[in-house]
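Let's take a walk through this protein, one helix pair at a time. Keep the 3D view open and turn it as you read.

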Amino acid sequence: MLLRIGGWLTILIAIAHVIGLFGAELFFEMRGLGDQLVRDASIHPYLPYYEILFGALMFLWIGLYGLAAGGLLKKDLPLLKIAIFTIAGCFLLRAIGGYIYAFATHVHLYEMVNATLALLIGTLFLLGGLKKWDIRFLRKAVQKPA
């Protein structure tokens with residue numbers, strides 16, 4: 001269930017990125033990347049759109065891994081176990097980095113929301129993966145001595 005929730009959340013983020021394609025200027029400004037939009041558009045007018053589309057595809061791919069591990073897809077994706085824990089690690093590192101950046105630069109609420117969402121998704125993938133594959137070291141760590 002935890003992996004399914006994490007999968008669906010990342011698919012929702014992918015959908016938000018696709019919606020962001022229709023207002024790339026606003027999407028980049030919300031992220032604090034307005035200067036980067038101008039710089040990327042000077043390289044190629046469609047480059048900002050390709051970047052947003054690439055982000056959407058990555059989040060969709062991550063979401064499909066979450067859904068596959070959660071049992072909603074009929075076939076497992078390759079390297080599923082490694083991918084789930086790698087995804088969890090990436091989201092958790094993103095959360096830690098986001099909090100450090102937000103506190104160090106006194107960034108607005110938007111960065112805190114992103115870091116908290118990354119923490120939530122990373123935790124869902126980590127705990128869901130540990131539960132799905134019944135990681136033994138956790139059981140030994142919490143067992144009471146006889």
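## Helix 4 meets helix 5

Start with helix 4 and helix 5 in this predicted model. Their axes are 10 Å apart, and the two helices pack at an angle of about 125 degrees. Angles over 145 degrees would count as roughly antiparallel, and 65 to 115 as roughly perpendicular. Helix 4 and helix 5 fit neither group, so they are oblique to each other. Their crossing is left-handed.

Who does the touching? On the helix 4 side the contact uses F59, I62, Y65, G66, A68 and A69, while helix 5 brings L80, A83, I84, I87 and F91. Sort these residues by type and you get 10 nonpolar, one polar and no charged.

## The loop between them

Two residues in the stretch linking helix 4 and helix 5 deserve a look. L77 sits in this loop. With 25% relative accessibility, L77 counts as partly exposed. Setting aside neighbours within four places in sequence, L77 is in contact with L64, Y65 and A68. You can also check a distance here: the C-alpha atoms of L77 and G66 are separated by 9.9 Å, and the two residues are 11 apart along the chain.

L79 lies in the loop between helix 4 and helix 5 too. Here's a bit of background: most residues other than glycine have a negative phi. L79 is not a glycine, yet its phi is positive, at about 55 degrees. Is L79 buried or exposed? Its relative accessibility is 63%, so L79 counts as exposed.

## Helix 1 against helix 4

Now swing round to the pair formed by helix 1 (residues 2-20) and helix 4 (residues 47-69). How do you describe a pair like this? Two packed helices are described by the angle between their axes and the distance between the axes. For helix 1 and helix 4, the axes come within 7 Å and cross at roughly 165 degrees. That angle is over the 145 degree mark, so helix 1 and helix 4 are roughly antiparallel to each other. The crossing of this pair is left-handed.

The contact has a long cast list. Helix 1 supplies L3, R4, G7, W8, T10, I11, I13, A14, H17, V18 and G20, and helix 4 supplies I52, G55, A56, F59, L60, I62, G63, L64, G66, L67 and A69. By type, the residues of this contact split into 14 nonpolar, seven polar and one charged.

While you're on helix 4, find W61, which belongs to that helix. At 42% relative accessibility, W61 counts as partly exposed. The C-alpha atoms of W61 and T10 are separated by 8.7 Å, though their positions lie 51 residues apart along the chain as a sequence separation.

## Helix 5 against helix 6

Next comes the pair of helix 5 (residues 80-105) and helix 6 (residues 109-132), whose axes are 7 Å apart and which pack at an angle of about 155 degrees. Helix 5 and helix 6 are therefore roughly antiparallel to each other. Helix 5 passes helix 6 in a left-handed crossing. The residues in this contact come out as 19 nonpolar, six polar and two charged.

## A long-range meeting at M30

Helix 2 (residues 24-30) is where you'll find M30. Which residues does M30 touch, not counting residues up to four places away in sequence? It touches H108 and Y110. M30 and Y110 are 80 residues apart along the chain, but their C-alpha atoms are separated by 7.8 Å. M30 counts as partly exposed, at 40% relative accessibility.

## Zooming out

Time for the whole protein. It has seven helices and zero strands, so to speak a pattern of α-α-α-α-α-α-α when read along the sequence. Of its 146 residues, 33% count as buried. Take the contacts between residues at least 6 apart in sequence: 67% of them join residues at least 24 apart.

## How far to trust it

The mean pLDDT of the protein is 86, and 89% of its residues reach 70 or more. Which element has the lowest mean pLDDT, and which the highest? Helix 7 (residues 136-142) is the lowest at 58, and helix 1 is the highest at 94. Where pLDDT is low, the predicted coordinates should not be read in detail.

Methods. Residues numbered from 1 in each chain as written. Predicted model: local features only at pLDDT ≥ 70, side-chain atom pairs only at ≥ 80, totals over all residues. Heavy atoms only, no water. pLDDT = per-residue confidence, 0-100. Helix = DSSP H or I, 4+ residues; strand = E, 2+ residues; numbered from the N terminus. Axes fitted to C-alpha atoms, helices over the stretch in contact; angles between N-to-C directions. Parallel < 35°, antiparallel > 145°, perpendicular 65-115°, else oblique. Left-handed = near helix turned anticlockwise from the far one by under 90°. Contact = heavy atoms within 4.5 Å. Nonpolar A, V, L, I, M, F, W, Y, C, P; charged D, E, K, R; others polar. Buried < 20%, exposed > 50% of the residue type's maximum accessible area, 1.4 Å probe, protein only.
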